[in-house]
Protein chains: 2
Amino acid sequence: MAKSPKISASHEPGGLIVHISGLLPSLSPAEQRVARLVVADPADAARRTITDLATAAETSEATVIRFCRSVGMEGYPQLRIRLAAEAARRIEPPDARVVGGDIPPGADLAQIIATIAFNDARAVEETAEQLDPAVCEQVVEAIGAAGRIDVYGAGASGFVASDFQQKLHRIGRTAFYFPDVHTALTSVALLGRGDVAVGISHTGTTSDVIEVLEQARARGATTVALTNFPRSPITEVADFVLTTAARETTYRSGAMASRLAQLTVVDCLFVGVAARNRARAKKALEVTAEAVQSHRVGAGRRRG
Amino acid sequence: MAKSPKISASHEPGGLIVHISGLLPSLSPAEQRVARLVVADPADAARRTITDLATAAETSEATVIRFCRSVGMEGYPQLRIRLAAEAARRIEPPDARVVGGDIPPGADLAQIIATIAFNDARAVEETAEQLDPAVCEQVVEAIGAAGRIDVYGAGASGFVASDFQQKLHRIGRTAFYFPDVHTALTSVALLGRGDVAVGISHTGTTSDVIEVLEQARARGATTVALTNFPRSPITEVADFVLTTAARETTYRSGAMASRLAQLTVVDCLFVGVAARNRARAKKALEVTAEAVQSHRVGAGRRRG
DNA sequence: GCGCCTCATGAAAGTAAGTTTCATCCGTGG
DNA sequence: CCACGGATGAAACTTACTTTCATGAGGCGC
């Protein structure tokens with residue numbers, strides 16, 4: 001190892017492939033054959049065994065090892081792994097996903113999946129970015145201290161409301177969800193100072209939800225609105241406004257991304273409240289988890 | 001259980017890591033130790049020799065090999081290479097966000113939000129990556145052609161089931177959701193060939209849901225399972241298995257990320273079915289949207 | 001409670017992959 | 001024509017990987 005000065009031996013953080021093609025001319029003929037194979041298709045090379053690669057390059061294993069050393073690798077396994085990693089990094093998300101756009105008419109399932117997932121994930125991320133932690137903090141504080149929490153939402157937002165209610169309940173907070181305006185109004189009429197009413201509406205224009213929050217506020221309860229549009233009517237009857245950042249598209253009027261964004265906000269509030277009283281929340285979660293245990297079958301283990 | 005195993009054999013084009021964590025509960029204890037090491041740091045695992053990894057997992061080489069086979073790899077070298085590739089493709093979480101981990105006790109709201117959003121978005125992306133379009137296609141086909149669709153889920157999955165039902169209903173498919181086992185069983189008893197039953201269960205072990213699918217299948221209906229664990233009991237009573245890829249953590253036992261992942265799958269199926277009959281679906285959506293219009297206040301011209 | 005069976009497991013044998021050594025070959029310059 | 005040095009592959013060798021098998025634990029029927 002003391003003799004040939006070929007190796008830079010140092011780190012070549014850029015591309016191993018680039019590195020190899022760079023010193024290709026300085027390699028011996030047999031090593032060059034190996035190098036060319038490797039550069040031509042790194043992923044394929046990574047899949048081959050040393051004997052295999054040697055044969056393909058019409059040379060011996062020994063030469064392949066020499067090649068490894070020449071390019072600064074310790075041995076063949078190391079090269080293989082580096083090649084696999086390189087090759088993987090190379091692949092770029094090729095298909096132009098319709099960002100925030102509609103699903104093209106001729107789309108196949110794979111495209112649909114990619115598009116939806118992209119938009120969904122995006123909505124979640126962007127929602128988190130624009131969420132104001134200070135406002136969240138206050139909402140968490142209010143909920144954590146509330147005597148009672150009423151959650152309300154209609155349509156798709158109803159599921160989210162219901163989910164939120166269930167979550168709060170599981171950590172021992174007294175929370176209610178009402179699927180229709182009338183019962184909601186009845187309940188809200190009994191709220192007072194120190195209680196919290198949460199209204200969820202993607203558009204922020206659902207009159208039922210607004211009405212409920214309005215009533216709650218009139219009774220002195222703290223009102224929280226969760227909507228995608230910071231200047232929508234619902235914000236006018238809310239003490240605290242939390243916004244989502246979903247860009248719904250026409251076809252997606254089923255409110256797909258917005259729902260996920262709403263759920264993310266709900267999750268944050270939930271964890272916030274739970275974190276506020278860790279011990280108690282944990283206990284409550286354990287107890288409730290235990291309660292459904294008898295409805296589970298078998299341990300997970302299955303053979304394949 | 002008369003039918004053949006319908007596991008998507010070796011379909012893990014998305015994350016191998018994700019695939020492994022999905023299979024985790026179906027592995028033997030010793031294999032699980034190996035799996036955890038691998039999932040925790042794939043790049044590191046790729047660097048280790050089999051003996052090394054076995055030692056680290058406090059087990060024998062034989063078990064590591066068994067683990068390789070369990071997750072669908074031919075042998076250890078293959079696993080190593082795949083892991084290296086995975087690790088390379090993976091983008092590092094910006095700051096020290098606890099990936100898939102618990103929320104640290106002292107966390108402030110901003111941290112909580114970042115962590116949750118990161119994990120939620122991740123679950124959505126990874127779910128999409130590992131979804132098998134071919135299976136989705138078949139499910140979409142079945143639902144699109146079904147005389148009737150029954151959707152069932154308990155607990156948190158119940159919301160998702162309900163959401164799915166509502167979506168299908170909005171595009172003119174005859175779909176039902178039942179919040180309790182008894183009514184569900186009653187309904188399912190009336191299903192027949194050409195109908196579809198969808199069961200949603202994160203763990204795949206919820207006995208109620210399994211029972212419902214079992215009945216549906218006995219009646220000749222096509223059964224679809226949506227779960228996070230590809231070898232859980234529910235998969236044995238399903239003709240088609242769709243999996244999510246959420247890594248729930250202790251504190252997140254409220255099934256937060258898994259819910260979003262499930263919704264993403266639901267969205268995909270929904271759009272798939274809608275795309276199958278674009279005109280009709282669009283019409284149906286318009287009509288239903290119009291129906292709630294009178295419950296909206298103010299101008300709807302705001303857009304994010 | 002008892003024996004049977006199945007399954008998980010690691011020790012050890014066996015095989016394949018990777019690495020080193022060394023003799024040969026070939027071209028070059030004396 | 002010989003001495004030399006680098007390139008190269010055959011074969012010996014080492015290490016890594018894989019298979020086989022005996023053991024023991026845990027579950028299940030009797």
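Let me begin with a term: a residue is called buried if 20 or more other C-beta atoms lie within 10 Å of its own, exposed if 12 or fewer do, and partly exposed in between, with the C-beta atoms placed from the backbone. With that in hand, we can say of β4(B) that six of its six residues are buried.

Before going further, a word on what we are looking at. This is a predicted model, in which local features need pLDDT of at least 70 and side-chain atom pairs count only at pLDDT 80 or more, while totals for chains, interfaces and linings use all residues. Residues are numbered from 1 along each chain as its sequence is written, and chains are lettered from A and ligands numbered from 1 in the order in which they are written. When I speak of helices (H or I, at least four residues) and strands (E, at least two), I mean DSSP runs, numbered from the N terminus.

Back to β4(B), then, which is covered on both of its faces: T222(B), V224(B) and L226(B) are buried on one side, and T223(B), A225(B) and T227(B) are buried on the other. Which strands does β4(B) pair with? Taking two strands to pair if DSSP finds at least two bridges between them, we find β4 (residues 222–227) of chain B in parallel pairing with β5(B) over four bridges, and also in parallel pairing with β3 (residues 196–200) of chain B over five bridges. To pick out single positions, L226(B) stands opposite L242(B) in β5(B), and V196(B) stands opposite T222(B) in β4(B).

Seen as a whole, the sheet of chain B is open and made of five strands, in the order β2-β1-β3-β4-β5, with parallel pairing. At its edges stand β2 (175–177) and β5 (240–243) of chain B, and because each has a single partner strand, one side of each is left without a neighbour in the sheet. From one strand to the next the twist averages 20°, where axes are lines fitted to C-alpha atoms, for helices over the stretch in contact, and angles run from 0 to 180 degrees between N-to-C directions.

Chain A also has an open sheet of five strands, in the order β2-β1-β3-β4-β5 and with parallel pairing. Its edge strands are β2 (175–177) and β5 (240–243) of chain A, each of which pairs on one side only. Within that sheet, β3 (residues 196–200) and β4 (residues 222–227) of chain A run parallel and are joined by five bridges, and the bridge partner of G199(A) in β4(A) is A225(A).

Let me turn to two helices of chain B. For α12(B), with 21 residues, the expected span at 1.5 Å a residue is 30 Å, and its end C-alpha atoms are 31 Å apart, which agrees; the expected span of a helix is taken as 1.5 Å times one less than its number of residues. Since 20 of its 21 residues are buried, α12(B) is largely enclosed by the rest of the structure. For α6(B), the 14 residues should span 20 Å, and the end C-alpha atoms are indeed 20 Å apart. This helix, α6(B), is mostly covered, with ten of its 14 residues buried, among them L79(B), R80(B) and I81(B).

Two single residues deserve a moment. Is R247(B), in the loop between β5 and α12 (256–276) of chain B, buried or exposed? R247(B) counts as buried, because it has 22 C-beta neighbours inside 10 Å, and it lies 8.3 Å from N119(B), C-alpha to C-alpha, although the two are 128 residues apart in sequence. S207(B), in helix α11 (residues 207–218) of chain B, counts as partly exposed, because it has 18 such neighbours inside 10 Å.

Finally, the DNA, where a residue is near a strand if its C-beta atom, placed from the backbone, lies within 6 Å of it. Around DNA strand C there are 18 residues, of which I50(A), G75(A), Y76(A), S28(B) and S60(B) come nearest. DNA strand D is likewise surrounded by 18 residues, the closest being S28(A), A30(A), I50(B), G75(B) and Y76(B). For strand D, the elements that each supply at least two residues of the nearby surface are α2 (29–40) and α5 of chain A together with α4 (50–56), α5 and α6 (76–89) of chain B.
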